[in-house]
Amino acid sequence: MDKKIFWKMFFFIHLISSIYNLYQLATLPPILQPEIPLWLGVINLVILPFILICLYAYAYSSSLRKLFKNKVLCCFFIAGMLISDGLSMYFEFNAGGYSAYEMYALSFITLIFITPVCYVVVQLLKQNKSTNH
């Protein structure tokens, strides 16, 4: 059995949810769209391909993992991802309409998606470090 089956499934779940979210943002009326500022939406849109490339490179041991040699850039990406997700939740929760339970559940689901991505970036950095020596 393939050792990275979890990561392949996680990549496809992330890919499908990303495509669905982009479709939903394009088709929902403005009143139903998330209450985040435009600049934050642009940042999230810039970070999304990086997340998908990370997951693909790790899950399929792709040659794309060579893109993750720059430690500063990868740390900047992780920090940017954490900050943008945190700010997205902050703006969405401040818009109102969520119970405390829903806020905790959404925060937990966000952590479920963020933590493995951070792990993958660190593993790609380690793999590139070991192949350079």
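Here are some short exercises on the predicted model shown above, each with a worked solution.

A word on conventions first. Residues are numbered from 1 along each chain as its sequence is written, and side-chain values use heavy atoms, leaving out hydrogens and water. Because the model is predicted, local features need pLDDT of at least 70 and side-chain atom pairs count only at pLDDT 80 or more, while totals for chains, interfaces and linings use all residues.

**Exercise 1. Describe the overall fold and its confidence: how many helices and strands does the protein have?**

Step 1. The protein has four helices and zero strands; helices (H or I, at least four residues) and strands (E, at least two) are DSSP runs, numbered from the N terminus. Along the sequence, this reads α-α-α-α.

Step 2. Along the principal axes, the C-alpha atoms fill a box of roughly 50 × 35 × 30 Å.

Step 3. Now for confidence: pLDDT is the predictor's confidence in each residue, from 0 to 100. The average is 85, and 96% of the residues score at least 70. Helix α1 has the highest confidence, at 90, and helix α4 (residues 100-132) the lowest, at a mean of 85.

**Exercise 2. Check the span of α2 against expectation: why does it agree?**

Step 1. The expected span of a helix is 1.5 Å times one less than its number of residues.

Step 2. The 22 residues of α2 should therefore span 32 Å, and the end C-alpha atoms are indeed 32 Å apart.

Step 3. Try α1 in the same spirit: its 23 residues reach 33 Å from first C-alpha to last, close to the 33 Å expected.

Step 4. Just past α2 comes Ser 61, whose phi is positive, near 45 degrees.

**Exercise 3. Classify Leu 52 and Leu 25: buried, partly exposed or exposed?**

Step 1. Set the cut-offs: buried means under 20% relative accessible area, exposed over 50%, and partly exposed in between (1.4 Å probe, protein chains only).

Step 2. Leu 52 sits in helix α2 and counts as buried because its relative accessibility is 16%. Leu 25 belongs to helix α1 and is partly exposed because its relative accessible area is 40%.

Step 3. Look at contacts (heavy atoms within 4.5 Å). Leaving out residues up to four places away in sequence, Leu 52 touches Phe 11, His 14, Leu 15 and Ser 18. Among these partners, Phe 11, His 14 and Ser 18 are buried residues of α1. With the four-place neighbours set aside, Leu 25 meets Gln 33 and Pro 34.

Step 4. Zoom out to the whole protein: 29% of its 133 residues count as buried. Of the contacts with a separation of 6 or more, 79% join residues 24 or more positions apart.

**Exercise 4. Find the nonpolar surface patch: which residues form it?**

Step 1. Candidates have over 30% relative accessible area and no salt bridge; like charges are joined within 9 Å, and nonpolar side chains (Val, Leu, Ile, Met, Phe, Trp, Tyr) within 5 Å. A salt bridge puts a side-chain nitrogen of Lys or Arg within 4 Å of a carboxyl oxygen of Asp or Glu.

Step 2. The patch consists of Phe 12, Ile 16, Ile 53, Tyr 56, Tyr 60, Leu 64 and Leu 67, together offering about 600 Å² of accessible area (Shrake-Rupley method, 1.4 Å probe; for residues, only the protein chains shown count as cover). The elements giving two or more residues are α1 (5-27) and α2 (38-59).

Step 3. Leu 67 lies in the loop between α2 and α3 (71-94) and is exposed because its relative accessible area is 53%.
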